[in-house]
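Biologist: Before we talk, could you show me the model, and then explain how its descriptive terms are reached?

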Amino acid sequence: MSELSVIVCTYNTQPEYLECCFESIARGGLSDYEIVLIDDGSETDYSAVCEKYPAVRHIVIPRSGTLLARLAGIRESRGKFISFADSDDTVSFSFYARLLEKMRQGSDIAVGGWAFHSPTCRYVCVKDSTMQVRAELCGDILPFFFEEAGKEHSRYVLWNKMFSADVLRRAAKRVEEALPDFPLCYAEDVLLSRFALGEAKSLSFVQGGYYFYRTHAGQTVKIGSEEKLLYTVKCADYVFDRLKKADIPEGYTQKLGEWQARLGAHFLKSAREFSEQAVSAAENFRSKSGFAVGKKVAFNDKYLIHRLLPDNFEEYEKILSEIQKNKKEILICKTRTHYFENELARLKENGVPVRKVKNGGIFVPKEKYSLKNRIKHNPFLCRIAGRLFPPGSRIREKLKKIL
């Protein structure tokens, strides 16, 4: 029995991405954990990557889809607490350690911060309200899932959370009561999160540390063909049908309808690039919501205002993990990096002897990123651009291509 199980499901993920995922978890300094790798019938051989990390248990299953892979991971997990990590993502130095602190205090679910990891930089979604300081939730916490109608990722994804194993297993049992007759590889985390939040009685929010959601061309959620769109709509249709049939808190039926209408509008925008069949499928999904598309339910630019993290973030991660690992008194240069300062303070609170000095000690490199990135990710400029160039306008699309 381990304290923590991190479930990683993979299907033909690039080995270098998977190794980065494992390395980031191992760098956290956890003493009692396992990584449960569920290989969903990949054609890629991951044995060489797995051999480098003793905490990994490599379990191969026939190709079944992401939902059944996650359920298999839950069954195989031996931990008191369970988290999920996508095989192409990474976590920051203290992400799981911070979540564990809350879980040890008796929380059923802990929610952490997250950030995008693009090919050129890492940045934080400052508009996501779960990134802000807020009170603990106790009692009926299911409304947390519905209240923003799908506009905030932190509420419904699995990868930024840690669950009590008992709560998650009860949720998995609810999901297994009516499985689809096709592999579900889209929105399965929405389904599991909904039932887990329904089973939980307490929810904690953790500030500091990040889950890095990697954006790249090969992502599962990318819609690059008509076949992929039709399959994605089919998955979403099943998930929202299950959500409607389950108990919904009084007053939140409308929120679920808004969520489906918003997602349907997103599908329809992609479908217009393909065929009438694709458009019909997207419109049919959207019509089931009971809402017309309009400003009230359309996707907005909630995630287009960012705070850029420094390009040398990985260097900070290595320094911090070395400090924790050695646990010896160490001198470190002063830095203005918000993340670094917070993590340094946390290490000191945990009894790791660190002294800050103006000169000497460990060299912490200054942030270096291009003028283009500073302009592109400046919160003030993003807000001004959002007002001057509304979503969907031609000049906005041109600006996206330039930047």
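What follows is a conversation about helix packing, buried serines and aromatic rings.

Modeller: Please keep in mind from the start that this is a predicted model.

Biologist: Let us begin with two helices, then: why is α7 called oblique to α8?

Modeller: The axes of α7, residues 165-176, and α8, residues 188-199, come within 8 Å and cross at roughly 125°. An angle over 145 degrees would be needed for roughly antiparallel, and roughly perpendicular covers 65 to 115, so α7 is oblique to α8. The crossing of these two helices, α7 and α8, is also right-handed.

Biologist: Which residues make that contact between α7 and α8?

Modeller: From α7 come Val167, Leu168, Arg170, Ala171, Ala172, Arg174 and Val175, and from α8 come Leu191, Leu192, Phe195, Ala196 and Glu199. Sorted by character, the residues of the contact of α7 with α8 comprise nine nonpolar, no polar and three charged.

Biologist: What makes α10 and α11 roughly antiparallel?

Modeller: Helix α10, residues 253-271, and helix α11, residues 276-287, have axes that come within 8 Å and cross at roughly 170°. Because angles over 145 degrees count as roughly antiparallel, α10 is described as roughly antiparallel to α11. On the α10 side, Gln260, Ala261, Leu263, Gly264, Ala265, Phe267, Leu268 and Ala271 meet Ala278, Val279, Ala282, Glu283, Phe285 and Arg286 of α11, and the residues of this contact divide into 10 nonpolar, two polar and two charged.

Biologist: How do you know that Ser193 is buried?

Modeller: Ser193, which is found in helix α8, has a relative accessible area of 1%, and since buried means under 20%, Ser193 is counted as buried. If its neighbours within four places in sequence are left aside, Ser193 is in contact with Phe145, Tyr156, Val157 and Leu158.

Biologist: And why does Ser270 count as buried?

Modeller: The relative accessibility of Ser270 is 16%, and because the cut-off for buried is under 20%, Ser270 falls within that class. Ser270 has its place in helix α10 and, leaving aside neighbours within four places in sequence, is in contact with Ile223 and Leu229. Ser270 and Ile223 are 47 residues apart in sequence, while their C-alpha atoms are 7.6 Å apart in space.

Biologist: Turning to the aromatic rings, how many aromatic pairs are there?

Modeller: The count comes to 20 aromatic pairs.

Biologist: What makes the pair of Phe116 and Tyr213 edge-to-face?

Modeller: The two rings lie 6.3 Å centre to centre with 70° between the planes, and because centres within 6.5 Å make a pair and planes over 60 degrees apart count as edge-to-face, the pair of Phe116 and Tyr213 is edge-to-face. This pair links distant parts of the chain, with Phe116 in strand β7 and Tyr213 in strand β12, 97 residues apart. Both Phe116 and Tyr213 are buried.

Biologist: Why, then, is the pair of Phe146 and Tyr252 called tilted?

Modeller: Their ring centres are 6.2 Å apart and their planes are at 40°; stacked would need planes under 30 degrees apart and edge-to-face over 60, so the pair of Phe146 and Tyr252 is tilted. Phe146 lies in helix α5 and Tyr252 in the loop between α9 and α10, so the pair ties together parts that are 106 residues apart in sequence.

Biologist: How do you know that Phe146 is buried?

Modeller: Phe146 has a relative accessible area of 0%, and as buried means under 20%, Phe146 is buried. Phe146 also belongs to one aromatic cluster, whose members include Phe145, Tyr156, Tyr252 and Phe267.

Technical notes: Residues are numbered from 1 along each chain as its sequence is written. This is a predicted model: local features need pLDDT of at least 70, side-chain atom pairs count only at pLDDT 80 or more; totals for chains, interfaces and linings use all residues. Side-chain values use heavy atoms; hydrogens and water are left out. Axes are lines fitted to C-alpha atoms, for helices over the stretch in contact, and angles run from 0 to 180 degrees between N-to-C directions. Helices (H or I, at least four residues) and strands (E, at least two) are DSSP runs, numbered from the N terminus. Angles under 35 degrees count as roughly parallel, over 145 as roughly antiparallel, 65 to 115 as roughly perpendicular and the rest as oblique. A crossing is left-handed if the near helix is turned anticlockwise from the far one by less than a right angle, and right-handed if clockwise. Contact means heavy atoms within 4.5 Å. Ala, Val, Leu, Ile, Met, Phe, Trp, Tyr, Cys and Pro count as nonpolar, Asp, Glu, Lys and Arg as charged, and the others, Gly among them, as polar. Buried means under 20% relative accessible area, exposed over 50%, partly exposed in between (1.4 Å probe, protein chains only). Rings of Phe, Tyr and Trp (its six-membered ring) pair if their centres lie within 6.5 Å; planes under 30 degrees apart count as stacked, over 60 as edge-to-face and the rest as tilted.
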